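Please open the model in your viewer and keep the sequence panel beside it, since each stop on this tour begins with a selection and then describes what is found there.

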Amino acid sequence: MSVVRIENPGANCDVDWSSLLRPGDLVVAAQGVGEPTVLLESLLDVSPEDVELFVGLSHTAVLSQSSSLPLVSFGGLGPLSSAVHRGNVEVIPTHFDDLPRVLPHRGRDLVVLVQVTASDASGCHGLGMAVDHTFELFGRARAVIAEVNHQLPMTSAPRVSASTF
């Protein structure tokens, strides 16, 4: 598994998606307050060919706009609802807690996008306030791309060694 840490992403997040993604990848983004918003917006701006994006509850308004990137979800939550109504989202009829078992069976390599805290004194990044299906997919992912958010508080959530990134 390759892991990439994007430190201090700004409004003009300059990610070389062509070096990180391959045709056929399924990009799985953390959701809710754990959503790596800057990474998602950057990815949607580029919309690489033959890549799908799985999103859940999103706060990213850009998901409500048209995108050439195929979207997959387990429902039409938040800004994603307008894309679902337009027929631009494939909805997987499954329970949320089944996602870590269902997503690897879509026949695509997984790339996980997460948001993490700055590293602590022991050199670990926290997953902040949202530990969802993406954490369970770390071991199955071809790549994990982490957006480091220095405003995100360290919590009792699982931690990942900075040496991983």
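## Starting between two strands

Select Val28 together with Val112, and you will find that Val28 stands opposite Val112 in β6. Bear in mind from the outset that this is a predicted model. Now extend the selection to both strands: β2 and β6 pair in the parallel sense, with four bridges between them.

## Along β6

Keep β6 selected and show its side chains. In a regular strand the side chains alternate between the two faces of the sheet. Here Leu110, Val112, Val114 and Val116 point one way from β6, while Val111, Leu113 and Gln115 point the other way, and all of them are buried. Because seven of the seven residues of β6 are buried, the strand is largely enclosed by the rest of the structure.

Next add β8, which runs parallel to β6 and is joined to it by six bridges. A useful pair to label on this side is Val114 and Ala146, since Val114 stands opposite Ala146 in β8.

## Back to β2 and on to β3

Return to β2 and look at its two faces in turn. Both are covered, with Leu26 and Val28 on one side and Val27 and Ala29 on the other, and these four residues are all buried. Then select β3, which runs parallel to β2 and is connected to it by three bridges; within this pairing, Leu53 in β3 is the bridge partner of Val27.

## The largest nonpolar core

In soluble globular proteins, nonpolar side chains tend to be buried together. To see this model's largest nonpolar core, which has 25 residues, begin by selecting Trp17, Val27, Leu43, Leu53, Leu113 and Ile145, the residues with the most contacts inside it. At least two residues of this core come from each of α1 (17–20), β2 (26–29), α2 (37–46), α3 (80–85), β6 (110–116) and β8 (143–148). The element that gives the most to it is α2, with four residues.

What does Leu113 touch, if residues up to four places away in sequence are not counted? Its contacts are Trp17, Val27, Val28, Ala29, Ala30, Pro36, Leu39, Leu40, Leu43, Thr134 and Ile145. Apart from the largest core lies another core, of 22 residues, and Phe74, Val116, Leu127 and Ala146 are among them.

## Helix α2 and the loop after it

Select α2, where Leu39, Leu40, Ser42, Leu43 and Leu44 are buried, and then move past the end of the helix to Ser47, which follows it. Most residues other than glycine have a negative phi, and most peptide bonds are trans. Ser47, although not a glycine, has a positive phi of about 45 degrees; its place is in the loop between α2 and β3, and it counts as buried at 14% relative accessibility.

Asp50 lies in the loop between α2 and β3 as well, and it too has a positive phi, of about 55 degrees, although it is not a glycine. Is Asp50 buried or partly exposed? With a relative accessible area of 48%, Asp50 is partly exposed.

## A buried glycine

Move on to Gly56, which is found in the loop between β3 (52–54) and β4 (71–73). Gly56 is buried, with a relative accessible area of 2%. Leaving out residues up to four places away in sequence, Gly56 touches Gln31, Ser73, Phe74, Leu77 and Leu80. Of these contacts, Ser73 is worth a distance label, as Gly56 and Ser73 are 17 residues apart in sequence and 5.6 Å apart in space, C-alpha to C-alpha.

## The cavity

Rolling a probe the size of a water molecule over the atoms shows where empty space is left. A search of the whole structure finds one cavity of 30 Å³ or more, and the volume of the largest cavity is about 50 Å³. To outline it, select Ala30, Gly34, Val114, Gln115, Leu127, Ala130, Val131, Asp132, Thr134 and Phe135, which line the largest cavity. The elements that give two or more residues to this lining are β6 and α5 (133–137). Six of the lining residues are nonpolar, three are polar and one is charged.

## Last stop, at α1

Finish with Ser19 in helix α1, which is exposed, with a relative accessible area of 51%. A line drawn from Ser19 to Gln115 joins residues that are 96 apart in sequence and 20 Å apart in space, C-alpha to C-alpha.

Technical notes. Residues numbered from 1 in each chain as written. Predicted model: local features only at pLDDT ≥ 70, side-chain atom pairs only at ≥ 80, totals over all residues. Heavy atoms only, no water. Core = buried A, V, L, I, M, F, W, Y, C linked by side-chain atoms within 4.5 Å. Buried < 20%, exposed > 50% of the residue type's maximum accessible area, 1.4 Å probe, protein only. Contact = heavy atoms within 4.5 Å. Pairing = 2+ DSSP bridges. 1 Å grid on protein atoms, 1.4 Å probe; cavity = no way out; pocket = protein on both sides within 12 Å on 5 of 7 lines; lining within 4 Å. Points joined across faces, edges and corners; volume = space filled by probe spheres on them. Nonpolar A, V, L, I, M, F, W, Y, C, P; charged D, E, K, R; others polar.
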